[in-house]
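User: I'm new to reading structures. Could you walk me through this one?

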Amino acid sequence: MEKALICLAAALAVGLCAIATAWAQSRIGAAGAGTIAERPELTGTVIILLAIPETMVILGFVVATMILNK
Amino acid sequence: MIVRMSKLEIAGPKELLLEVLEVIRELGTFQPEEERAADSDATLSDAEVPEERAVAELLFLENMRRQSGEIIALLPAVETGESRLDPMTVLDSIAATAKSHLATCRALSERHESVRREQEELTRYDVLLAAIDRLIGDRDAHTGLDFIGITLRDASLVEKLRELLSFLVEGECTMTTTVAADGTLIGLIAAPPSRSPAIKKALSDEQLPELPFPESIANLSLPERISYLEERLAATRISLAEIEAERDRFARRWLAFYRRINQWLVERLALLSVTGSVRRTGMCFVIQGWALTDETAPLTERLNEVFGGRVAVEQRAILEQDLEKVPVALRNPPYLRPFELFTRLLPLPRYSSWDPTPFIGIFFPLFFGMMLGDAGYGLVLLAAALLLLWRRPRGAGADAARILLISSSYAILFGILFAEFFGEAGGRLLQLTQILPERSRAVMPMLIFSLALGASHVLLGLLLGVITAVKRRERGEAVGRIITIALIVCLASLAVSLLFPSPWLLTRPILLLTGLLLPFLVLSGGLLAPLEMIKTVGNIISYARIMAIGLSSVLLANAANHLAGLSGDLILGALAAVALHAVAIVLGLFAPAIHALRLHFVEFFSKFIEPGGRRFEPLHK
């Protein structure tokens with residue numbers, strides 16, 4: 001039972017963060033596509049901006065790993 | 001690195017202004033300042049209103065440039081030699097000639113366009129003409145017959161039309177069909193002239209159009225139309241060839257000359273446009289501007305050499321208020337130069353700030369190598385980089401290939417340290433000695449290592465920020481950053497002390513010091529300073545991605561090996577391994593690159609780079 005709860009906690013840590021990241025990236029991606037259409041020279045900047053919300057899922061992944069390794 | 005700039009003032013007699021600008025432009029090392037400096041102590045008369053003569057000259061040259069440009073555009077681009085004529089000596093006399101030449105070129109061009117359009121229109125009938133010609137064939141002799149040409153939408157109409165004609169003219173006509181080169185079904189009806197009106201009316205009622213021909217030949221019979229169109233087509237071809245030959249002759253005689261004139265006028269007008277930002281009195285001129293410090297001496301020497309001391313170059317001190325205006329030029333050693341590709345993604349830093357290129361050049365490959373950390377993947381990327389370089393790319397492609405070459409070398413190095421070669425299994429197979437901890441198992445050590453690296457990186461950024469603030473004489477900013485550095489060090493020491501067997505030995509004094517520093521932080525940076533501090537801590541935690549992406553990279557490689565092993569077949573397993581590792585390599589190329597860049601752009605550069613620099617754009621040919 002305890003192991004199941006630990007796994008559930010790890011799954012929630014990474015899963016919820018992934019949903020949040022996906023939502024943020026969808027908004028940034030849509031705006032970024034519009035930006036690139038008008039100013040292609042900003043492609044690099046848009047890619048970087050798109051990577052910013054990934055912090056959430058990465059930290060979620062780190063937390064999940066820490067939970068599982070505890 | 002941001003190249004050191006010098007603020008220069010070039011002064012000389014007014015009549016030498018254009019010659020001086022010409023020399024400056026030839027050297028290409030001086031950028032005239034467009035805005036007039038308010039701090040100048042030179043007493044100059046109000047020469048803001050341009051002289052009438054100068055305006056007239058400008059208008060004359062602009063008109064000549066427009067005319068010569070139009071002549072060049074109207075003439076065919078024939079091969080010609082270069083004209084060595086000095087435009088200055090013939091400018092006045094060429095003004096009238098250019099006008100008549102332009103009129104000639106326009107007339108030739110209009111004639112050419114008109115004949116070309118007619119030919120294009122006639123060519124459209126060419127296909128139909130060819131088909132009709134085949135149908136008429138030897139019936140040319142039957143001049144007593146009328147010929148009616150029609151286009152048919154589909155073959156099913158042919159029989160229907162035959163029945164209609166048979167009923168209408170009681171067999172006094174014949175109809176033959178053929179398919180034109182463009183696929184149009186063409187019909188030709190031959191009938192006595194007395195029957196023609198009835199046939200044409202019936203065709204109109206059935207909505208079967210006669211062949212479309214120009215209105216000018218609507219009254220002619222079909223054979224007459226055909227011969228007329230053929231004659232016109234031949235005539236237009238001859239006419240077009242004659243016009244083109246005439247244009248070619250004209251171009252061979254005058255094109256090189258007008259090209260030379262036009263180029264000279266463009267350069268002259270560019271110089272005159274610069275004179276707008278030059279301060280002048282009735283006797284002299286003063287040009288203020290910027291030059292690279294190491295280019296100042298050659299510029300002075302050249303001006304002295306050409307004008308024999310009549311033009312003076314003086315170096316002025318760069319004042320604090322000038323710092324915003326100093327243009328920025330970046331110059332880096334060959335190893336770092338490709339990384340300017342990433343720098344170009346950012347706004348240019350200010351002159352008093354730092355060039356981000358050396359920092360990206362040092363840390364980007366390091367972070368990339370740490371995240372990918374696989375010797376096998378590194379070798380594949382190294383081969384890809386060498387292949388790209390072998391094809392001798394230019395510009396951004398060459399820079400990207402060189403960055404890939406350097407970064408993949410770091411990936412190989414860390415792959416050896418982690419003992420990973422296409423995953424951990426490859427490392428074991430090659431009996432690589434593990435020097436760093438096993439990434440797939442030693443999660444916590446790798447996390448601590450990543451955070452320590454992040455803390456060092458962010459502290460370096462803050463330290464550079466202190467230097468920038470000191471250079472800009474912003475004491476409050478400098479003190480705030482120093483306190484932030486002290487607090488980060490305290491927090492890092494606190495974290496380290498918790499790992500000690502007796503944490504209380506260190507924890508208490510560090511907590512005390514942190515408590516003491518916090519009020520000073522608020523005093524130096526205001527109420528928002530603690531929030532900024534929390535943001536900085538967040539920036540450090542963000543470096544955990546080095547461990548996270550590294551872990552996902554090695555797990556992906558291990559998964560690829562595991563799945564390939566499950567197939568139980570050597571060939572199938574090898575194919576699966578190649579496909580899965582290819583996916584892992586693509587991910588391993590993009591994810592570490594994007595995240596290493598993000599760590600620089602968001603976490604690191606925000607601590608010390610001040611954007612808003614103006615690019616150094618010297619006057620040049």
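Analyst: Let's start with contacts: two residues are in contact if their C-beta atoms, placed from the backbone, lie within 7 Å. Keep in mind that this is a predicted model.

User: Okay, so among contacts in chain B with a separation of 6 or more, what share comes from residues 24 or more positions apart?

Analyst: That share is 78%. As for what chain B is built from, you'll find 18 helices and ten strands. Of its 621 residues, 32% are buried.

User: How do I read two helices that meet, say α9(B) and α11(B)? At what angle do their axes cross?

Analyst: You look at how close the axes come and at the angle. Here α9 (residues 357-372) and α11 (residues 396-418) of chain B have axes that come within 7 Å and cross at roughly 45 degrees. That angle is why α9(B) and α11(B) count as oblique to each other. Their crossing is right-handed.

User: Which residues make that contact?

Analyst: From α9(B), they include B:Pro365, B:Leu366 and B:Phe368, and from α11(B), B:Ile406, B:Tyr410 and B:Phe414 are among them. Sorted by type, the residues of this contact are ten nonpolar, two polar and no charged.

User: And how far should I trust a model like this?

Analyst: Where pLDDT is low, the predicted coordinates should not be read in detail. For chain A, the mean pLDDT is 88, and 99% of the residues reach 70 or more.

User: Where in chain A is confidence lowest, and where is it highest?

Analyst: It's lowest in helix α2 (residues 43-51) of chain A, with a mean of 81, and highest in helix α1 (residues 2-38) of chain A, at 93.

Note on methods. Residues numbered from 1 in each chain as written. Chains lettered and ligands numbered in written order. Predicted model: local features only at pLDDT ≥ 70, side-chain atom pairs only at ≥ 80, totals over all residues. pLDDT = per-residue confidence, 0-100. Helix = DSSP H or I, 4+ residues; strand = E, 2+ residues; numbered from the N terminus. Axes fitted to C-alpha atoms, helices over the stretch in contact; angles between N-to-C directions. Parallel < 35°, antiparallel > 145°, perpendicular 65-115°, else oblique. Left-handed = near helix turned anticlockwise from the far one by under 90°. Nonpolar A, V, L, I, M, F, W, Y, C, P; charged D, E, K, R; others polar. Buried ≥ 20, exposed ≤ 12 C-beta atoms within 10 Å, placed from the backbone.
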